[in-house]
Structure formats: C-alpha cells, structure tokens
Amino acid sequence: MKRIPLLGLCLLVFQLVQAQNPNLNYNKFKQLKEEWPTPNAYRTASGAPGHEYYQQQADYVMDIEIDDINQILRGEETITYYNQSPDVLTYLWVQLDQNVRAKDSDTYKIRENSLRDQMGFSQIEQLHSEFDGGNKIDFVKDAEGNDLTYVINKTMMRVNLPAPLNPGEMFTFSIKWWYNINDHVNQGGRSGYEYFAEDGNYMYNIAQFFPRMAVYNDVEGWQHKQFLGRGEFALVFGDYDVKITVPADHAVSSTGTLQNPKEVLTKTQRNRYAEAQKNFEDPVVIITQEEAAENEKEAATDKKTWHFKAENVRDFAFATSRKFIWDAMAVDINGETVMAMSMYPKEGNPLWGQYSTRAVAHTLRVYSRFTFDYPYPVAWSIDGSMGMEYPMICFNYGRPEKDGTYTQRTKYGHIGVIIHEVGHNYFPMIVNSDERQWTWMDEGLNSFVQGIAQQEWEENWGGRKRGIPAEIVDYMKMDKSRLSPIMTNSESIWNFGNNAYAKPATALFILRETIMGRELFDMAFREYSQRWMFKHPTPTDFFRTMEDASGIDLDWFWRGWFYSTDNVDISLSDVQWYKVNTQNPDIEKPLAKKRMEEEPYYIGYERFAAEESLLDKDKDIADFYNSYDPFKVTILDRQYYERYLANLSDEQKALLEAGYNYYELTFENKGGLVMPIILDFVFTDGTSEQKRIPAEIWRLNHEEVSKVFYFEKEVKEIILDPRVETADVDRSNNYWPERRQPSRFELFRGRQRNSENLMQRMRRAEQMENAGNSSGGN
C-alpha cells in the first residue's frame, strides 16, 4: 500500500493520456461507414425498408408424384412471376438445386479427398459412386404452350423471355422435370429417402425438389450464385397450390394446409384431428403406432393425391411414408390457433411421441414472444434423421435404442434440433435473409433464440447450450490463420458450425446480457424482426436497426465480433493500493516508521566485512543527522497540520478523515476484442461489490487502460469477468492476487468404457435390486 498527499481541494486527479496511434483507421471504435453500403430509397440509414423498397413474387401450381418402386420424383409446375422491381427484365433465372447431385456437379469436383492406411467401405464407395440425382428437364413452355429457350448453367437455369418484362407486369411459364431421389442417410443431403430394411419400406423427406425462382433485388440484381451444398437458399415469396400423388397407404405432411381431408383421411382420422384442434394441453394421436405398423405390412398398389395450399411462403417441402405415426395439438398464439404436429416411424418412439409435438408448441410460444406472432396455420416436425427447415415443416433427428432407452445426449439433441428447426420458420422463412451469402443471418439469430427457448424448456438444460460465452472459448482462441470473420460468404467459412451458428449466437447473448441489457435488446431485436418479416434483409439492415431502435452506437461491437477474428483476452495486469495521506503527524509518522522497519530500503544489503563501521569506531564523525529521529512528532509538525486543516472546508475534512482505500487497476487487451470491464471486488469482511465499466473505456487506447476505484473497506480479492460473460479465452490473468488454476487430466487404465446408456444401466440396476429383494423374501 502507498500513501499519497491530498493537495488543493484534496481530490485525486487522474489524467488519461491517449496512446499515440499513427494510423487512426485501426481504431476499434472507427465507424463502419466504409464497410456499409450507402443508405438509399430502398434501404434506409435506420435499417428499415425505404419508401421505394420492392421485392418480386412467384406463385406456383404444381403436380408432383412419388414413384415408390423406383424412388423417382416427377413433377410439372406453372410459375407466375411478378416483376415488382423498377427494372425491365429480358430473362429469368431459375434454381435447379438438385443439380448439386448431377454426375458432373461441381460439388463433387471441388470436394477434397485423402487416403489413409485404413479406409471404410462407405468412403471408398462414395469415390466410386455413379448416382445421378440431377434434374432432368423435359420442357419449358410459356402460357400458350410455346417452347421457351433456356440455358442450364450447373445449378441455375436462364429462361429467355419472348418479350421484355416491364415493371408491374407478370409472366407465366411451365416446367416439366424429374429426378432420381437420393438416399440421404447413406449419400447425405438435405432431403431424400430413408430405407428400412426390416420392413422394406421407404420414408421420404422431399425438399429443393422443384425448379424455383431466383431472387432479384436491389442488392444483388439476380442472386444466382451457384449452389455448392453449404450456402443454402435465397428465395422469393409467393402462393403455392400443390397436389402430391403417393401410394394410397401413405400419410403426407407438407407446407400449407390440406384441402381435401375427406379424400385422403379416414373418418376416424378426421375425428381425431378435430379433437386435436381443441386440445391445447397435450398431443392427440391421429395415426397410431399400431395402425402405422399395419400399413407397413403390405404396400398399396393404388394411389391418392393430397392437395395442399400455402400463402406467402418462400418455399415448399413435404414428407410421405406408410410408416408414419401422426400426432397433433393446438397452440394459442395471441388468440389465434396454430396446429403443432409431428409424423414419425415407430423407430422414433417413445422419444418422438413424448417430446416432438410438445417441442414444436413450446418453440412457437417462445419465438412469438421475442419476434412476432407466428403467422402460419401449422408447424410440422418430421423424423428425417437430419436437421433441416422449410416453411411450416422441418425434418429432425433423434431416435432411441431398440429397447426404447436413450442417452441424455439423444434426448436433448432431439428436443434441441426441433426447437432449432421450427425456429427457422422465423429466420429465414419469414425474415427472409439471403442464406446463399450469409449463413449467420438465419443460423446465428435462430441459435440465439433457440438458447432462450431451451432454458425456458428446462432451467438446467442437459444438452448443448446455445449462445453461452464459455461454450465458444475454445473456438475463439484457435490459431487465427484457421478462422474466418462472421462476415464471410457461406461457402468460404472455416469451422462452419462455430462461425455461422455459435459465434453470432454468443455475440447476441453478450449484447443482450452484458452490453445493452435485456429491455433495450429485446425491443430492438423485435423491431428488426417485425420490420423485415416477409421481406429480404441484409446484414447492414440488422446492424442499423439494432442501433436505431436502441439508441446505442454498436459499430465497435459489429467491427470486433463480426468483421474480425479477434478474441477476448483482457488481463488484470497490475493493481496498486493507495490511501490518502492525512498530513496528521501523529498518524503518518508512526505509519512511516513501521513501513520502514518492515520494508527496509536496502533489501538484501549485506556488509562486505565483519568488522565495525567507521562510525561505530570514531564518534567524532557523528553529527546532527546521525542522531536525528525523522519519525519523532514535533510541535512544528502539529502546527503545520493545524494550519493545513484551517484551510479545508468541512467536506474536504470529511474526505480526508474517511480513510478510503484507493485501487489503481491496469488492464491489457491481449486478444484484440474490446469489451466492457466487469469486476467483482471481494472485501476482507467477506462482502463483495460489482463494478461494470462500458467498453468505451478503450476508445482512446485499445491496448491498455487504467481505472481507479475507492472503497471504505479493504479489498482482499479482485476478479475480472466473474460470471464468464465475455468469452474471455484466458482466465488465468483475471485475478488479483494471482490465482493459479490447475488443468485436469484423467487417469486411464485402458479398460473399455461401458457401452450401456444411463437408462439401460439404471434399468439393469433396478432389475438386480428387485431380484435381490425377491431372493431375500423366500
């Protein structure tokens, strides 16, 4: 501890000196004017759609048939395209996403491969695969049946118009096509079929199955960036009228609402569905497991056509199988009834029957509270051995073992993926961002809200925790040469899952919990969601809206978290303890004497010789200074003190006598990301106090800053980021005094881990206990 004189008004004056920076462009608080596009009539500086904002529309009428013998999809569609832009169009671009599975697909060509000493058959079989799942276009015709010329460029098709399409006009044309459906379990993919060898049946999850209009807007013009498999979709809103022909014993779930229930459902099924529409508490089973098992036994040879309609959706998907169990329940969304429903095979029970539809309903309630009321009439969760999302329908994973048990990871993975995929109805199905360019805009935002929904499902959520800062630390501290900024195109991201899902979700979590506060964040996030529902936002629209609606300049935050690969590593590098010098000689001189005795100036000094010093031998060389006691309190000392007090005001005297402890803390920014400084001060009496310093403390020097704190009590310990709010990658430098944190390792004896899951072990233990009790009773 050091004691310092209190001069003038007896106030401590601290001067902040700005670090010299030869290039201000490196300032962490530099505004993002150069990175962001100039506001215009289409997109405003506030982040809202401008007064001339426009978007195109495409309506579809489709007839689809599934060939359950050969696993082929055949379709014919009529597209009506509305040019609502101010531009004249001479051609249209149509997406052929299934061409990602064509034999000559670029996706196969650019995929990296390597060989090892040991290879699995599936890996070699993929190298030799001759599967052709690309679109086969039979014709493209106008409304009068005339052939239209077209050019297929991999996953895109340009349709040449017979005459320019002027603003405000529409154009109708038809496409007939087919393709071989892929085995998505063994060949991968977002859609396809799964084959069940035990009963010889198929389960189809069908998406990206039809030629779809590409987006034309004020940002990209035509968004016709090739689909390589990772960067997902940019799509146009429209109305759909779709008829799906399948074997008569199939059940079909789909985007939209069923138009012909009397033709495809039995009276019993219709009655059960009517009951489900009134049940807001738990799911009602519409097709039972016993009924689905009966359907599996013999495939029907006749067919049924299911008719669905959907309004104002950006896409369409469906699922069909004779294996499906079906359950449903009603959900009250601000006075409107939405049907939450699930279809799954018997292999999914008991997990699916217990959790799926309940998870759908829970997701709708939570997301609607944080964004906008769910606007569609239904929301489906379908067993698809994957996680993939479409309007009103999603395909999810999670199945138990054959004995019905499952691991904790399987349970929470199942519920978590349903929350995530149903949540995609909000981002990007309604807040319709461009996934082909920016994966994080839907995956990151959705993962953030998913994290809230999971905690509201169960406070001690037993699965992966979305958005929690501690979960992202290992990724953030990786070698920066293998990291990408969040603002990187979807196809070029390293560490895709962490970059596009976890990091943006964590950034939003920190914004809400640490930077903005829940009230301001929730207000701004809801504003963004409602501004851009059923529209096409860009990253800048999101950034600007969050600032505009909250009144907080967040450019520094976007720059660090979204435009860089910096991490958070703030070090508490130095702590100096001070108390005010009271000038009272009866206090200060005894303290000075004690300090001198405890901390001699010449620490470690030793005489070179054992004999006495010259002064010890010759007293004649001694004078006043050899006998003077600097710690003796004199009358002059007291007179000076009295004069000093006479010049002070009552307030200054009180401050002088208060005995405050002052602590000067120095912080180093080792990771590069500027963040708020959050401190817990623990006092010697066992109490504590938290101080929160905004990130703007780094605005003049982003490498090192100092800050003084004062307390009546003496500080025993200081902890930086005590609740691990900022994703600090090195917590060893967050303590004063230094706290050593040992790493932990596991002793391994080489024994094989138990292959049973916890449910199986507990079930076996219960059986053993019951057997023991039975033996004891004989």
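These questions and answers walk through two sheets and one residue of a predicted model.

Me: Which strands stand at the edges of the open sheet with the order β6-β7-β4-β11?
Reply: This sheet has four strands, with antiparallel pairing. Two of them have a single partner strand each, so one side of each is left without a neighbour in the sheet. These edge strands are β6 (150-153) and β11 (212-213).

Me: Which residue in β7 is the bridge partner of I152?
Reply: Strand β7 covers residues 156-165. Four bridges join β6 to β7, and the two run antiparallel. In β7, the partner of I152 is M157.

Me: By how many degrees are neighbouring strands turned against each other, on average, in the sheet β9-β10-β19-β15?
Reply: This is an open sheet of four strands with antiparallel pairing. At its edges, β9 (192-196) and β15 (251-254) each pair on one side only. With direction ignored, the average turn between neighbouring strands is 10 degrees.

Me: Which residue in β10 stands opposite Y193?
Reply: β10 spans residues 201-206. β9 and β10 pair in the antiparallel sense over five bridges. Opposite Y193 stands Y204.

Me: Is E194 buried or exposed?
Reply: E194 lies in strand β9. Its relative accessibility is 8%. Buried means under 20%. Therefore E194 counts as buried.

Me: Which side chain does the side chain of E194 join in a polar contact of 3.1 Å?
Reply: Leave aside neighbours within four places in sequence: E194 is then in contact with residues including H184, Y202, R399 and S385. The polar contact of 3.1 Å joins the side chain of E194 to that of S385.

Terms used: Residues numbered from 1 in each chain as written. Predicted model: local features only at pLDDT ≥ 70, side-chain atom pairs only at ≥ 80, totals over all residues. Heavy atoms only, no water. Pairing = 2+ DSSP bridges. Axes fitted to C-alpha atoms, helices over the stretch in contact; angles between N-to-C directions. Buried < 20%, exposed > 50% of the residue type's maximum accessible area, 1.4 Å probe, protein only. Polar contact = N/O pair within 3.5 Å; in protein donor to acceptor, adjacent residues only side chain to side chain. Contact = heavy atoms within 4.5 Å.
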